[in-house]
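Visitor: Please take a close look at the largest cavity and describe what surrounds it. I would also like a word on one buried residue elsewhere in the chain.

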Amino acid sequence: MAFKSLCLLLCLALFATEAHGYKDYVAYKRAVNFFQAWQQCRLFGGHLASIESAEENTRAEAAIMAAGDFSKYWAIGGTDLGSEGNFVWIGLNKKTTYTNFYKGEPNNNNGVENCLVMGVASSRQWNDVACDSVAGGFVCAFVRQ
């Protein structure tokens with residue numbers, strides 16, 4: 001019984017490290033929608049960027065600047081498709097606690113904006129857009145093991 005408990009504890013600790021460890025961000029300048037970006041990040045071994053603090057937001061911004069600029073918006077991994085107004089990080093299945101929305105956002109314009117992007121009005125802030133909108137690029141997060 002002690003062995004099973006130890007194995008369970010180790011598995012949970014490894015999962016927590018993977019889900020909550022230090023994230024490296026890489027931006028890819030490719031015209032894709034939210035779902036295509038999500039799939040690409042998974043294929044690359046990461047997840048569509050989850051941003052859980054101002055410090056992580058700064059690192060995601062730096063990744064974007066290394067690949068391009070904020071003249072177009074960049075897909076990140078937040079969505080409220082399951083429950084309007086309740087954003088989650090799709091790669092972590094975790095509710096967003098840190099946000100950096102542009103003034104007046106999120107607004108769910110025309111009732112179809114359910115996916116998050118960075119870069120609205122040439123700023124580095126966030127906006128909600130339709131999930132089938134084509135972004136100028138996307139940001140993946142890779143959790144260090």
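Guide: In what follows, Ala, Val, Leu, Ile, Met, Phe, Trp, Tyr, Cys and Pro count as nonpolar, Asp, Glu, Lys and Arg as charged, and the others, Gly among them, as polar. The model is predicted. By that grouping, the lining of the largest cavity divides into eleven nonpolar residues, two polar and no charged. The lining numbers 13 residues in total, and those that lie nearest the centre of the cavity are F34, V117, V129, C131 and S133. Two elements, β6 (113-118) and β7 (126-130), give two or more residues each to this lining. The largest share, three residues, comes from β6. The space enclosed is about 50 Å³, and the structure holds one cavity of 30 Å³ or more.

As for the buried residue, F70 is found in the loop between α3 (54-67) and β3 (74-79). Its relative accessible area is 7%, and because the cut-off for buried is under 20%, F70 counts as buried. Leaving aside neighbours within four places in sequence, F70 is in contact with E61, I64 and M65, and also with M118, G119, S122, S123 and R124. Of these partners, E61, I64 and M65 fall within the range of α3 (54-67), while M118 falls within that of β6 (113-118). The C-alpha atoms of F70 and G119 are 5.5 Å apart in space, although the two residues are 49 apart in sequence.

Terms used. Residues are numbered from 1 along each chain as its sequence is written. This is a predicted model: local features need pLDDT of at least 70, side-chain atom pairs count only at pLDDT 80 or more; totals for chains, interfaces and linings use all residues. Side-chain values use heavy atoms; hydrogens and water are left out. On a 1 Å grid over the protein atoms alone, a cavity is a set of points where a 1.4 Å probe fits but cannot get out, and a pocket is an open set with protein on both sides within 12 Å along at least five of seven lines; lining residues have an atom within 4 Å of a point. Grid points are joined across faces, edges and corners, and a volume is the space filled by probe spheres set on the points. Helices (H or I, at least four residues) and strands (E, at least two) are DSSP runs, numbered from the N terminus. Buried means under 20% relative accessible area, exposed over 50%, partly exposed in between (1.4 Å probe, protein chains only). Contact means heavy atoms within 4.5 Å.
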